[in-house]
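Welcome! Below are a few exercises to help you find your way around a new structure, each followed by a worked solution. Have the viewer ready and take your time.

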Amino acid sequence: MADKRKVGVLGGGQLGRMLIEAANRLNIQVNVLDAANSPAKQISAHNGHIEGSFKDAAKVKELAQKCDVVTVEIEHVDTQMLEEVAGQVTVEPSWKTLRTIKDKYAQKQHLKQYGVDVAESIDLEGKGAEGLKEVGTKYGYPYMLKSKTEAYDGKGNFVVKSEGDIEAAIKALGGRPLYAEKWADFSMELAVMVVKTKDGVLSFPTVETVHEDSICKLTYTPPRNVSSTTSHRAQDLAKKAIAAFEGKGVFGVEMFLLKDDSLLINEIAPRPHNSGHYTIEACPISQYDAHLRAILDIPIKPFQLRLKEPAIMLNILGASTADSDKKVAQFALENSDASIHLYGKGDSRPGRKMGHLTITRPTLREAEQAIQPLVDFVDEQKGKALGPKSADSQGQQPLVAVIMGSDSDLPVLKAGLQILEKLQIPFTTRITSAHRTPDWLREYSKTAASNGIRVIIGAAGGAAHLPGMCASWTQLPVIGLPVKATHMDGWDSLVSMTQMPRGEPVATVGINNSTNAALLAVRILGASDEEIRERLRVWMEGNEKEVLRKDEDLLEKGWEQYLTSMGK
């Protein structure tokens, strides 16, 4: 690559380290301003680095003189000096953006001006205990007390649960510039990595973030039990928020999914972010590649930000012993195929981000199963077990939904359900009539995919509209099972299912043939799951052996004796 431009980075922690990993592949030199032997400098040997603090104005100026573009891996920087050097070197994102975002109250007010949904907030500077009481009167309890600046990973935040907490809140945060936020009654925390380029605003997929002690512990991509519609709404909201700021690069947008299914922006980071680590393994280009390309005007296409396959990222956080991170890494090396990232930070201490692990799989269910031993081991290092637990074989997240219009269809389904059990396919059975409970069928069909279902088998007799209506409300494959009713021997059901209009396919099996319905569902799952495919192969091989055994038995006994042995 002929690009000889040099990139300066304020901060040399783990984000700078991973940025350099991406830059090295493109032969782009990155000059880091931070302490000697910081994580980023450890993997980059050249004389362009500067030793010192990224808050030191003279050092920032020195860095600017050696670079073509200056960016940040942490927003708590000297924006006054960045404003001064902006005339001599390109600063991305803009110093104006960094100045606004580093003040979280100013960030929220800026977003509100652009019509972006954020939590209600009140400025508390200089208001003391009385100001905090007024917030309780206006918003009720609990509410969030936050420092406007220098706050991250829960530091600088305090949950005020009642008026009795005000004294403790002032003791904890009283020396900082403060504001208060109305409590967000959320069901889940989501995040989106947004890429702002000279040509527009793009985004990586939506992720679910799980926090422990206010620090991100796990991310799930895609989010669990969240519809694709909601995930796309989150991406749109994140892009709208970042469009309100000047400059190019990657931005981390954290948000709340409220219990009424609405979304609120929580915080924005004007840089790569912990919630985007998964992109290194799970996307064609990582958030670090994207950041470099954006600030250097190297083209980025939307398909380069897509999710190649589901991913779960687990942070390696410091525990009670100085080598806890090394123990986690060793366990992962010996017991998993996780991608391991250690940050070179020296001794571990509680809550410190020492590294992360990423697992990718064809399905999120498989990724959850693969990550669970690592979650358990990480929790063990802390002396507690707070990670999500995988269900046992009888309670796994169902992959197949078997729906029927009436419980009278259940005897027909028995053979197919036994096949699913034999091949260890987790499934759920539900009764939902196309005619008697159309609203319930619609709701179930629309939410099936977000609840982890991958294939739907719909059994129905008579007019047999169940699978067809289901197919019109879901993007999942639907298998129709015609059931022999009291009239027309099931031919009415068979014809009804096979005559779906174009655009609404239903894969229909023979009348009462639940075995084939189940096996077709297994084959669909097996197309992207090698373990399921192998179980099916073994089962089919057993069928072959059984047929060959019967052939041998018939040849040996002759047809008359064979019929007699069959009781015919």
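**Exercise 1.** In what order do the strands of the eight-stranded open sheet lie, and which strands form its edges?

*Solution.* Keep in mind that this is a predicted model. Begin with the order of the open sheet, which reads E14-E13-E10-E11-E12-E15-E17-E16, with antiparallel pairing. Next, go to the two ends: strand E14 (263-269) and strand E16 (339-342) are the edge strands, since each pairs on one side only. Finally, look at the twist: on average, neighbouring strands of this sheet are turned by 25° against each other, direction ignored.

**Exercise 2.** How many bridges join E16 to strand E17, and which helix packs on the sheet there?

*Solution.* E16 and strand E17 (residues 353-360) run antiparallel and are joined by four bridges. To see one of the pairs, find His 341, whose bridge partner in E17 is His 356. Then turn to helix H11 (residues 324-335), which packs on this sheet and touches strand E15 (311-317), E16 and E17. The direction of H11 makes about 160° with that of E16.

**Exercise 3.** Describe the open sheet of five strands, from its order down to one residue pair.

*Solution.* The order here is E3-E2-E1-E4-E5, and the pairing is parallel. At the edges you meet strand E3 (50-51) and strand E5 (90-91), each of which pairs on one side only. Inside the sheet, five bridges join strand E1 (residues 6-10) to strand E2 (residues 29-34). For a single pair, pick Leu 10, which stands opposite Leu 33 in E2.

**Exercise 4.** Is H17 parallel, perpendicular or oblique to H18, and which residues make the contact?

*Solution.* Start with the axes: those of helix H17 (residues 514-526) and helix H18 (residues 530-557) come within 8 Å and cross at roughly 140°. Because of that angle, H17 counts as oblique to H18. The crossing is left-handed. On the H17 side, the contact is made by Leu 519, Val 522, Arg 523, Leu 525 and Gly 526; on the H18 side, by Ile 532, Arg 533, Leu 536, Trp 539 and Met 540. Sorted by class, these are seven nonpolar, one polar and two charged residues.

**Exercise 5.** At what angle do H13 and H17 pack, and which residues meet?

*Solution.* Helix H13 (residues 410-422) packs with H17 at an angle of about 35°, and their axes are 7 Å apart. This time the crossing is right-handed. From H13 come Val 412, Leu 413, Ala 415, Gly 416, Ile 419 and Leu 420, which meet Ser 514, Thr 515, Ala 518, Leu 519 and Val 522 in H17. By class, the contact has eight nonpolar, three polar and no charged residues.

**Exercise 6.** Which residue forms a salt bridge with Glu 75, and where in the chain do the two residues sit?

*Solution.* The structure holds 28 salt bridges. Glu 75 pairs with Arg 271, their closest N and O atoms being 2.6 Å apart. Glu 75 is in the loop between strand E4 (69-72) and helix H3 (79-85), while Arg 271 is in the loop between E14 and helix H9 (279-282). The pair is 196 residues apart and so links distant parts of the chain.

**Exercise 7.** Where is the cis peptide bond before Pro 93?

*Solution.* The bond joins Glu 92 and Pro 93, with omega about -10°. Pro 93 is found in the loop between E5 and helix H4 (95-102).

Note on methods: Residues numbered from 1 in each chain as written. Predicted model: local features only at pLDDT ≥ 70, side-chain atom pairs only at ≥ 80, totals over all residues. Heavy atoms only, no water. Axes fitted to C-alpha atoms, helices over the stretch in contact; angles between N-to-C directions. Parallel < 35°, antiparallel > 145°, perpendicular 65-115°, else oblique. Left-handed = near helix turned anticlockwise from the far one by under 90°. Contact = heavy atoms within 4.5 Å. Nonpolar A, V, L, I, M, F, W, Y, C, P; charged D, E, K, R; others polar. Pairing = 2+ DSSP bridges. Salt bridge = Lys/Arg side-chain N within 4 Å of Asp/Glu carboxyl O.
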